[in-house]
Amino acid sequence: MIKNNGVVLVLSGPSGAGKSSLINKISDEIGDYYFSLSTTTREKREGEEEGVHYHFVSKEEFEKDIEADNFLEYATVHGNYYGTSLNPVREALHEGKLVIFDIDVQGNMAVKNRLGDITTSVFITPPTLSELKRRLQKRSTDTKEIIKGRIQVARREIQRTSEYDFIIVNDDLDIAAKVLKQIALTARLKIPHNMINNFVQKWEDIRE
Ligand code: 5GP
């Protein structure tokens, strides 16, 4: 049997696609996982908490972490820095966990380049642009300007869905959750290249 290894599940998609609701819905059914807590320089939204939704830091602190090479990946989204710290991810992978990222399209590419053989990626989107607008307006935590910015980013990001292994159109939350659960369970079965090579060497156990 090949030893259980840690793997990565990247989730991307516009704010308003329902990524957090989907994760909450399946969290008891996908085994031991670690949800990667990102660091950001954006303002805290109403109801958000330090250490729960993000690590909220200043631009200077973030730039210090960039200098120290502390990020697995980072990007500028909506004019703010967002980044994934390397150490907790490394630990969770070492413990054989499913590591879940909620990161943008730039982050997905960076993770694919660094951890491609153990990464499964999913782009989650509302069915249409008008549905996305409706959801963002309903949320009412953001100003008109911010909503406009998010829509512009979403229109750019949707063009890059072919960079993902799967797309989930989140029209019906129950159905979308079932699909995401299947993908998360399958993501666990990915095996890193070095383990495959070891397996092949051991498999050829016949001495002629
Ligand atoms: P929000 O401000 O709505 O929480 O997030 C805005 C965007 O930033 C979302 O597309 C989200 O996936 C992305 N994001 C959050 N954390 C990270 C991160 O650590 N790295 C990258 N590249 N994107 C992130």
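This tour moves through a predicted model, from its largest nonpolar core to a buried loop residue and then to a nonpolar surface patch.

Begin by selecting V8, L9, L11, L98, F101, V111 and V122, which, of the 32 residues in the largest nonpolar core, touch the most other members. To see where this core draws its residues from, colour β1 (7-12), α1 (19-26), α3 (86-94), β7 (98-102), α4 (105-115), β8 (119-125) and α7 (173-187), each of which supplies at least two of them. Among these elements, α7 gives the most to the core, with six residues.

Next, centre the view on L11 and display its surroundings, leaving aside neighbours within four places in sequence. What remains in contact with L11 is K19, I23, I100, F101, D102, I103, V122, I124 and L180; of these, F101 and V122 were already in your opening selection.

From there, move to S36, which is found in the loop between β2 (33-35) and β3 (39-40). Is this loop residue buried or exposed? S36 counts as buried because its relative accessibility is 5%, below the 20% cut-off. When residues up to four places away in sequence are not counted, S36 touches T84, V89, I100 and F101, and I100 and F101 also appear among the contacts of L11.

Finally, turn to the surface and select I196, F199, V200 and W203, which make a nonpolar patch of about 410 Å². F199 is found in helix α8 (residues 193-203) and, with a relative accessible area of 43%, is partly exposed.

Methods. Residues numbered from 1 in each chain as written. Predicted model: local features only at pLDDT ≥ 70, side-chain atom pairs only at ≥ 80, totals over all residues. Heavy atoms only, no water. Core = buried A, V, L, I, M, F, W, Y, C linked by side-chain atoms within 4.5 Å. Buried < 20%, exposed > 50% of the residue type's maximum accessible area, 1.4 Å probe, protein only. Helix = DSSP H or I, 4+ residues; strand = E, 2+ residues; numbered from the N terminus. Contact = heavy atoms within 4.5 Å. Patch = residues over 30% accessible without salt bridge, like charges linked within 9 Å, V, L, I, M, F, W, Y side chains within 5 Å. Areas by Shrake-Rupley, 256 points an atom, 1.4 Å probe, with all protein chains shown as cover. Salt bridge = Lys/Arg side-chain N within 4 Å of Asp/Glu carboxyl O.
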